[in-house]
Amino acid sequence: MIDWKNLGFGYIRTDRNVRSTWTDGSWSPLETTDSEYLTLHMASTCLHYGQEAFEGLKAFRGKDGKVRIFRLEENARRMIRTAEYTMMAPPTMELFREACVEAVRLNERFIPPYDTGASLYIRPLLIGTGAQVGVKPATEYMFVVFVTPVGPYYKEGFRPISVMVDRHHDRSAPLGTGWVKVGGNYAASLLSGDIAHKAGFPSTLYLDSAEKKYIDESGAANFFAIRGGCYITPKSPSILPSITNMSLRDLAADFGLRVEQRAVEFAELPSFEEVGSCGTAAVISPIGKVYDPDEGKTYTFGDGVNPGPWCVKLYETLRAIQYGEAPDPRGWNTIVEF
Ligand SMILES: *Cc1c(COP(=O)(O)O)cnc(C)c1O
């Protein structure tokens, strides 16, 4: 039996996953397998030239017992954009939807019960599998969707984190791949993340790669701030458009906050009332402290220990929609039929 309340964010084997392959210009019908392994040609472009894209979304068992997948279509659109930019065959919207729904249906026993705070993480993966030695796109691709249950992000309650500024590494370049969800951006961020972890910070705060003047992202999560009745979030070509952030902007507007998506100078940081990072894993991680090692300065938000009121309200509202506790007026959830 799975101890739902003590699950972490790791990989747990589930019963089955689904796959489709692109050969001769079309996607095969979805196949189901219980194997956790892929058989790959050693010259596959995903191994050599980084033809790899992924997504991350979640299914929740609601208060009413129904299972909801949050913002499936937006995740499909983003994977299609990533595929196009990296010259891979994009899954169709229909294939993406069918694969995610099927992967959830086939693993119903792994969907955590309501009120555990846990959820079923869905991981779509797209890779170039065709053999190629010259640098060019593959002619064959594989699309895989697997699921794994993940625990509540906040075991000790909704608490702010501290992050460390890194001006010495960039996760992506201004005209590069930062705005698409590819594994290479993560490889580029591992060393920086490790430096932050060793210094006692769970995450890095990246500044824009060209000038180090603007705030980009916080680890693999988008950054936002609250000031004077305004929800402010960076607009930058090198950050990944977070679907959580997109959703929070809508909720912020519903709450009567103004929403600004624009270049955000690092120099504005001390003027913010609340700051946080957002993404599928945690919805919101309020940021209590930002440590700048180059200037030897720490910026504190609120009392640095408790989340601010807007962070709490945004977090609770989004969570309530995901668990079917609140209405879903924009149709963000896809209900899975069993
Ligand atoms: C996936 C990801 C996010 C979060 O996006 P969501 O759609 O909210 O999960 C933010 N930044 C980076 C770099 C990411 O890869």
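In this predicted model, 14 residues surround the ligand, and of these Lys181, Tyr186, Glu217, Ser242 and Thr280 come nearest. Three polar approaches to the ligand can be described in turn. On the side of lysine 181, a polar side-chain atom lies 2.7 Å from an oxygen atom of the ligand, while in the side chain of glutamate 217 an N or O atom is placed 2.6 Å from a ligand nitrogen atom. Alanine 220 takes part through its backbone, of which an N or O atom lies 3.4 Å from a nitrogen atom of the ligand. Taken on its own, the ligand has 390 Å² of accessible area, and the protein covers 96% of this.

The nonpolar interior was examined next. In soluble globular proteins, nonpolar side chains tend to be buried together. The largest nonpolar core of the model comprises 32 residues, and those with the most contacts inside this core are Ile69, Phe96, Val104, Ile122, Leu126, Phe143 and Val145. At least two core residues are supplied by each of strand S5 (57-61), strand S6 (67-70), helix H2, helix H3 (93-105), strand S7 (119-128) and strand S8 (141-150). The most is given by H3, which contributes seven residues to the core. A second core, separate from this one, is made up of 22 residues, among them Phe70, Leu314, Ile321 and Tyr323.

Within the region of H2 and H3, phenylalanine 96 has an extended list of partners: leaving out residues up to four places away in sequence, it touches Glu55, Leu57, Leu72, Asn75, Ala76, Met79, Pro91, Pro124 and Phe143. One of these partners, alanine 76, belongs to helix H2, which spans residues 72-85. Alanine 76 has a relative accessible area of 0% and is therefore buried. With residues up to four places away in sequence again left out, alanine 76 touches Met93 as well as Phe96. The C-alpha atom of alanine 76 is separated by 9.8 Å from that of cysteine 100, a residue 24 positions apart from it along the chain.

Aromatic pairing was then considered for the whole model, and the count comes to 15 aromatic pairs. For tryptophan 27 and phenylalanine 143, the ring centres are 6.3 Å apart and the planes stand at 65 degrees, so this pair is classed as edge-to-face. The pair links distant parts of the chain, since tryptophan 27 is in strand S2 (residues 26-27) and phenylalanine 143 is in strand S8, 116 residues apart. Both partners count as buried, although their values are not alike: the relative accessibility is 16% for tryptophan 27 and 0% for phenylalanine 143. The value for tryptophan 27 falls below the limit, because buried means under 20% relative accessible area. Together with Trp22 and Phe96, the residues Trp27 and Phe143 form one aromatic cluster.

A polar residue in the interior was also examined. Asparagine 107 is situated in the loop between H3 and S7, and its relative accessibility of 0% places it among the buried residues. The side chain of asparagine 107 reaches two backbone oxygen atoms, that of arginine 16 at 2.8 Å and that of alanine 103 at 2.7 Å. When neighbours within four places in sequence are set aside, asparagine 107 is in contact with Thr14, Asp15, Arg16 and Val147.

Methods:
Residues numbered from 1 in each chain as written. Predicted model: local features only at pLDDT ≥ 70, side-chain atom pairs only at ≥ 80, totals over all residues. Heavy atoms only, no water. Helix = DSSP H or I, 4+ residues; strand = E, 2+ residues; numbered from the N terminus. Buried < 20%, exposed > 50% of the residue type's maximum accessible area, 1.4 Å probe, protein only. Contact = heavy atoms within 4.5 Å. Core = buried A, V, L, I, M, F, W, Y, C linked by side-chain atoms within 4.5 Å. Polar contact = N/O pair within 3.5 Å; in protein donor to acceptor, adjacent residues only side chain to side chain. Near = heavy atom within 4 Å. Areas by Shrake-Rupley, 256 points an atom, 1.4 Å probe, with all protein chains shown as cover. Phe/Tyr/Trp six-rings, centres within 6.5 Å; stacked < 30°, edge-to-face > 60°.
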